[in-house]
Amino acid sequence: MKSSVRHPVPRSRVPCAALVLAVASSASDVMAEGDSADGAPPLPWATVSSSPVPVDDASLDDLERQALHRCGPGDAGLVATARWIVAQKLRAPMPELDAIASAQRASGEPHPWSRAWAETARVLSPTGALRGLDEWLGQRSRNALRRCGAATGAGPGGTRTLVVVAVDALADLTPLPTRVRVGQWLTVNGRLRTHAGGAKVIVLGPSGAPQPLPTSFDGAVLRASFAPDRAGEFAIQVMADLPTGPRPVLEVSLFADVDPPRRRSDAAAPGEDRAASLSDDAAIAEMVGAARSSAALPSVVRDIRLDAVARDHARRMAEGQELAHDVGDGDPIDRMRGAGLEAHDAGENVAHARNVVLAHRAMWASPSHRANTLRREFDRAGFAVARDEHGDAWVVELFAGGLR
């Protein structure tokens, strides 16, 4: 997009990021006496993150095998994640997908945007449970790239649960260690399983802004190297340019000279305390402002023209139940130009979550989303949230620099 002295933003350079953090599905919930949301089991940290990892069929019971047969190829990391959910589900409500994602990373399974389904009952009928699973799977088209994990378990009072976790495995990852040393050189090796116009690796350290790594990509295989420069947790994210826009296809956590946490951290993102009593749109704007302030950056100015563009896209995502930068209405550049807007720099974050606070927290934890939030060149933004029939929030943050 051009101004009087600057060139249009190339589409391949528009920084966009999408994040799904929906409420997990649960059917026939029967909670046992004494259940508590505080009883989350320890995280099962694997020694490496890798994909794919075959499932030991002998470790599954008959119902788990039938569930995997219906869902898709199994992965050991997803089976471990399903078992973690079972351990929690028998004592508490179905965990949110941010908690499930943490367990998934700890299990060494690197695919973002997992979906989870569970059925719990005092008398769990295999026929009824599998019928419910078929209904859940039927809400989504059969995906040849889908991988799954399944687990069953018994709780207090005879309560039984079946859990299934599914991901779209758009890329695979060669083993990357969970525990490393400061200064140790590591190489991220991935292979795309779907068409992508480009790919890059982003690293988010214990503090500071996310950093993109020099990444080689030949249309299928990507490679990037780095060495942790301090102690703490590092989040590694692979972004791919897909036909529907950029999205994360691989995410892992590794720990330099520190032990992985046994329990998931619920640390709030900057600005969460400001969201109370505000409308959804205003809350997102306020939290983004607080996040930028925490990094000593000026706030972006909210622009009603960008609000309108963001609002239309949020509505389309909510109505179509599809999270993407292009849901038939064009990418962010197309949509801005359709509204008569030009800018030197532009970027977009989109997310789907149970509420705006969870969306903001998840975007802050995501390297690509945080990079957009903290990009110094952005000085204006539009914010919009659309609620779907389930009450979930579909969030759009549309950023611009040099807008005219």
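This is a guided tour of a predicted model, stop by stop.

**Whole chain**

Start with everything shown. The protein has nine helices and 19 strands. It runs to 404 residues, and 54% of them count as buried. Take the contacts with a separation of 6 or more: 73% of them join residues 24 or more positions apart.

**Stop 1: the cis peptide at P52**

Select S51 and P52. The peptide bond between them is cis, with omega near -5°. Most peptide bonds are trans. P52 sits in the loop that links strand 3 (48–51) to helix 1.

**Stop 2: helix 1 against helix 4**

Follow that loop into helix 1. Select residues 62–71 for helix 1 and residues 126–138 for helix 4. Two packed helices are described by the angle between their axes and the distance between the axes. Here the angle is about 20° and the axes are 10 Å apart. An angle under 35 degrees counts as roughly parallel, so helix 1 and helix 4 are roughly parallel to each other. The crossing of helix 1 with helix 4 is right-handed.

Now show side chains. On helix 1, pick L63, Q66, A67, R70 and C71. They meet P126, L130, L133, D134 and L137 on helix 4. Sorted by class, this contact has seven nonpolar residues, one polar and two charged. An α-helix has 3.6 residues a turn, so residues three or four places apart point the same way.

**Stop 3: helix 2 against helix 3**

Select helix 2 (residues 76–89) and add helix 3. Their axes come within 9 Å and cross at roughly 135°. Which term describes the pair, parallel or oblique? Angles over 145 degrees would count as roughly antiparallel, and helix 2 and helix 3 are therefore oblique to each other. Helix 2 passes helix 3 in a right-handed crossing.

Pick L78, T81, W84 and I85 on helix 2; their partners on helix 3 are A99, I100, A103 and Q104. This contact holds six nonpolar and two polar residues, and no charged ones.

**Stop 4: helix 3 on its own**

Keep helix 3 and colour by accessibility. Is helix 3 (residues 97–106) largely enclosed or open? Eight of its ten residues are buried, so helix 3 is largely enclosed by the rest of the structure. The buried ones are L97, D98, A99, I100, A103, Q104, R105 and A106. Step just past the end of helix 3 to G108, where phi is positive, at about 80°.

**Stop 5: the nonpolar cores**

Select V188, V201, F226, I236, V249 and L254. These have the most contacts inside the largest nonpolar core, a set of 27 residues. Six strands each supply at least two residues of this core: strand 7 (171–177), strand 9 (186–192), strand 10 (199–204), strand 13 (221–226), strand 14 (232–242) and strand 15 (245–256).

Centre on V249. What does V249 touch beyond its neighbours within four places in sequence? Its contacts there are P110, H111, P112, L170, A171, L192, V238 and A240.

Another core, of 22 residues, lies apart from the one that holds V249. Find it through V309, A310, L323 and L403, which are among its members.

**Stop 6: S277**

Move to the loop between strand 15 and helix 5, where S277 is found. S277 has a positive phi of about 65°, although it is not a glycine. Most residues other than glycine have a negative phi. The relative accessibility of S277 is 81%, so S277 counts as exposed.

**Stop 7: helix 5 against helix 8**

Select residues 280–294 for helix 5 and residues 356–365 for helix 8. They pack at an angle of about 30°, with axes 10 Å apart. Helix 5 and helix 8 are therefore roughly parallel to each other. Their crossing is right-handed.

On helix 5, the contact is made by D280, A283, I284, M287, V288, A291 and S294. On helix 8, show V356, V357, H360 and W364. The contact of helix 5 with helix 8 divides into eight nonpolar residues, two polar and one charged.

**Last stop: A296**

Leave helix 5 and enter the loop between helix 5 and strand 16 (301–302), where A296 lies. A296 is another residue other than glycine with a positive phi, near 60°. With 66% relative accessibility, A296 counts as exposed.

Terms used:
Residues numbered from 1 in each chain as written. Predicted model: local features only at pLDDT ≥ 70, side-chain atom pairs only at ≥ 80, totals over all residues. Heavy atoms only, no water. Axes fitted to C-alpha atoms, helices over the stretch in contact; angles between N-to-C directions. Helix = DSSP H or I, 4+ residues; strand = E, 2+ residues; numbered from the N terminus. Parallel < 35°, antiparallel > 145°, perpendicular 65-115°, else oblique. Left-handed = near helix turned anticlockwise from the far one by under 90°. Contact = heavy atoms within 4.5 Å. Nonpolar A, V, L, I, M, F, W, Y, C, P; charged D, E, K, R; others polar. Core = buried A, V, L, I, M, F, W, Y, C linked by side-chain atoms within 4.5 Å. Buried < 20%, exposed > 50% of the residue type's maximum accessible area, 1.4 Å probe, protein only.
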